[in-house]
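Here is a walk through one protein chain, from its overall dimensions to its strands and helices. Keep the structure in view while reading.

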Amino acid sequence: MMTSDTLDLPAYLVRLSYTGPVDTSVETLYALQAAHIAAIPFEAIDVLLGDGINLDPTVIEDKLVRRGRGGYCYEHNGLYSRVLERLGFAVKARIARVLWGGVGESGFQPRTHMALQVEAAGETWLVDVGFGSAVPTAPLRWDDSDPQNTSLGCYRLMPTAFGRRLEVRSENGWKMLYEVLDELPQQEDFEVSNWFTSTHPDSPFLHNLIVTHADGKGRVILSGSELTVRAPGEQVFKKKLDIEQLELVLRDIFNLHLDPARLRPILAELAWRKSVG
């Protein structure tokens, strides 16, 4: 695991506007997870810009904490694992096969997700702050296959031949999200999967703007030029955005302040797709 020796924990807590307890209780685990997801958006804009994603812990901390940016799973869960370790939790990084968006058992399902296994209060928990628009807003009991309710959805962890499969309840039944593998990964495994996710032609992050965050009011999702707001009661608002609206949403809703000279050509392409779609 990555060392947390140089982590600026006070700066991280300020980034989250978090003033609650910082002990190793389950209550802290719940509160920090909700605060992290609400404060730091999921986004992979650096992939769209061609900048790549650097997994150096100090680079991630600077990006997500000091520069006010978001990130995707390796960045979110990489930073969060360091925070939890600093607080005294026992944490293991886990690699997962993404099933969400695949077709049955034969879709495009690489091992490209990072999640966390955390010990707290004598139990083992799946903790994840970096799975985009379907991220659980609370820890989930690792060895419990019964449905587990969170503030924004009901999840379950089903045993498989290779680990645990995370599923979320939808209006059409249970939807597969990813399979956490029993085999413990090495840091090099995440380097390879990060390189694949940020460079492979089939990676969705190379072709689409995906920005999300979730809080007590619901989930806000920007996918391409479409903004979706999903309230806890499953009330859904959708709107296609033009280039000016895209810039405003990134700045005012997701609090992302980006170089307009570099971002505008990408937003213009997304707005053009909207106009001809």
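The paragraphs below treat the whole chain, then its sheet, then the helices on that sheet.

This is a predicted model. The chain has eight helices and 13 strands. Its C-alpha trace spans about 55 × 40 × 35 Å along the principal axes. Does the radius of gyration point to a compact globule or to something else? What value does the chain have? The chain has 18 Å, and a compact globule of 277 residues would have a radius of gyration near 19 Å, so the two agree.

Burial and contacts fill in the picture. Buried residues, those under 20% relative accessible area, make up 49% of the 277 residues. The accessible surface comes to about 12,700 Å². Carbon and sulfur atoms account for 53% of that surface. Many contacts reach across the sequence: of those between residues at least 6 apart, 57% join residues at least 24 apart.

Now turn to the sheet. Eight strands form an open sheet with antiparallel pairing. Their order is β5-β4-β3-β2-β9-β8-β7-β6. Which strands sit at the edges? They are β5 (140–141) and β6 (148–150), each pairing on one side only.

Start at the β5 edge. Strand β4 (residues 123–127) runs antiparallel to β5, and two bridges join them. Here tryptophan 125 stands opposite arginine 141 of β5.

Two helices pack on this sheet. Helix α5 (residues 73–87) touches β2 (90–98), β3 (113–120) and β4. The direction of α5 makes about 20° with that of β3. Helix α6 (residues 187–199) touches β2 and β3. The direction of α6 makes about 40° with that of β2.

Follow the sheet order past β2 and the next strands are β9, β8 and β7. Take them in chain order. Strand β7 (residues 153–159) pairs with strand β8 (residues 163–170) in the antiparallel sense, over five bridges. A hairpin of three residues joins β7 to β8. Across this pair, arginine 156 stands opposite glutamate 167 in β8.

How many bridges link β8 and β9? There are eight, again in the antiparallel sense, with β9 covering residues 173–181. These two strands also form a hairpin, with two residues between them. Arginine 164 has valine 180 in β9 as its bridge partner.

Notes
Residues are numbered from 1 along each chain as its sequence is written. This is a predicted model: local features need pLDDT of at least 70, side-chain atom pairs count only at pLDDT 80 or more; totals for chains, interfaces and linings use all residues. Side-chain values use heavy atoms; hydrogens and water are left out. Two strands pair if DSSP finds at least two bridges between them. Helices (H or I, at least four residues) and strands (E, at least two) are DSSP runs, numbered from the N terminus. Contact means heavy atoms within 4.5 Å. Axes are lines fitted to C-alpha atoms, for helices over the stretch in contact, and angles run from 0 to 180 degrees between N-to-C directions. The radius of gyration is taken over C-alpha atoms; the globule rule is 2.2 Å times the number of residues to the power 0.38. Buried means under 20% relative accessible area, exposed over 50%, partly exposed in between (1.4 Å probe, protein chains only). Accessible areas come from the Shrake-Rupley method with a 1.4 Å probe; for residues, only the protein chains shown count as cover.
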